[in-house]
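Me: Got a minute to walk me through this one? I'd like the fold in plain words.

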Amino acid sequence: MRALTATLTATLTATLSPVADLVWPAHCAGCGRPGAVCCAPCRRALRAGARADLPDGTPVHGCAPHDGPARQVLLAVKDRGRAEARPALADALAHRLAALAPRVALVPVPTRAASRRARGGDLVADLAARAAATARRRGHDVDVERCLRLVRRVRDQTDLDARGRRANVHGAFTLTGPPPDRPCLVLDDVVTTTATAAEAVRALRAGGARVEGVLTVTIA
Ligand SMILES: [Zn+2]
């Protein structure tokens, strides 16, 4: 019964959140409750922690698994224009950073031009800047180095399987200049098959960067 209730709640939240976004502006991006942009329980969900590894063993550190309220907040920001919930994601990233590396450069994964147009800018770079600013306010020495760029067009990954995604991003990134002079964490908003993150790590290391891992809001 409890599992059924949880499933129903999740389904209702997923169904109603887009509607609620239009009707009631002041409600939680994660659960739809009226009040805060991101309520305390949803902020806690964004700090649940998640871990994965790239095929070469490089660690992927997530703020939370890609489900429940954490997934809803991220999707609200990415796909439903809830830009006012970005600070909640940045706060979760800064929280995760604090446990990882006090002195690090965040390297945002480059965003496709189509995604930038759809989201009114580069979401991952924006989250990197916000997370670094929050981490610095908390006494950590965190920089952002936008040193990766796309060297060719890549397509939307959504309907590609793991193999298709690897082929889609293979050789797609390169360094724009010298590598950062400090340890790096690749930053992305969600890691699913790890293809994009692995390619970003590969490109950085090929350029001489010291990559310690990947940081992401959610891990699917
Ligand atoms: Zn909530």
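Me: How much of the contact map comes from residues 24 or more positions apart?
Reply: They account for 69% of the contacts in the protein with a separation of 6 or more. A contact here is two residues with C-beta atoms, placed from the backbone, within 7 Å.

Me: And what am I looking at, model-wise?
Reply: It's a predicted model, where local features need pLDDT of at least 70, side-chain atom pairs count only at pLDDT 80 or more, and totals for chains, interfaces and linings use all residues. Residues are numbered from 1 along each chain as its sequence is written.

Me: OK, how many helices and strands does the protein have?
Reply: Eight helices and eight strands. They're DSSP runs numbered from the N terminus: H or I with at least four residues for helices, E with at least two for strands.

Me: What percentage of the residues count as buried?
Reply: 41% of the 220. Buried means 20 or more other C-beta atoms within 10 Å of the residue's own, exposed means 12 or fewer, and partly exposed is in between, with C-beta atoms placed from the backbone.

Me: Now the sheet. What's the strand order?
Reply: β1-β2-β8-β7-β3-β4, an open sheet of six strands with mixed pairing. Strands count as paired if DSSP finds at least two bridges between them. β1 and β4 are the edge strands, each pairing on one side only. The twist averages 30° from one strand to the next.

Me: Does anything sit on it? I mean, which strands does helix α4 touch?
Reply: α4 (residues 86–98) packs on the sheet and touches β2, β4 and β8. Its direction makes about 140° with that of β8. Axes are lines fitted to C-alpha atoms, for helices over the stretch in contact, and angles run from 0 to 180 degrees between N-to-C directions.

Me: Why is β2 largely enclosed?
Reply: Five of the seven residues of β2 (residues 59–65) are buried, so the rest of the structure largely encloses it.

Me: And its neighbours: how do they run, parallel or antiparallel?
Reply: β1 (residues 50–53) is antiparallel to β2, with four bridges, while β8 (residues 211–219) is parallel to β2, with five. For landmarks, D53 has P59 as its bridge partner, and V60 stands opposite V214 in β8.

Me: What's odd about G57 in that hairpin of β1 and β2?
Reply: G57 takes a positive phi near 95°, and the hairpin has five residues between the strands.

Me: Over to β3. How many of its residues are buried?
Reply: Five of six, so to speak mostly covered, over residues 103–108. β3 pairs parallel with β4 (residues 141–144) over four bridges, with R103 opposite D141. β3 and β7 (residues 184–191) are also parallel, over four bridges, and L106 has L185 as its partner there.

Me: Last thing, helix packing. At what angle do α7 and α8 cross?
Reply: Roughly 35°, with the axes of α7 (residues 162–169) and α8 (residues 195–206) coming within 9 Å. The contact uses A162, R165, R166 and V169 of α7 plus A195, T196 and E199 of α8.
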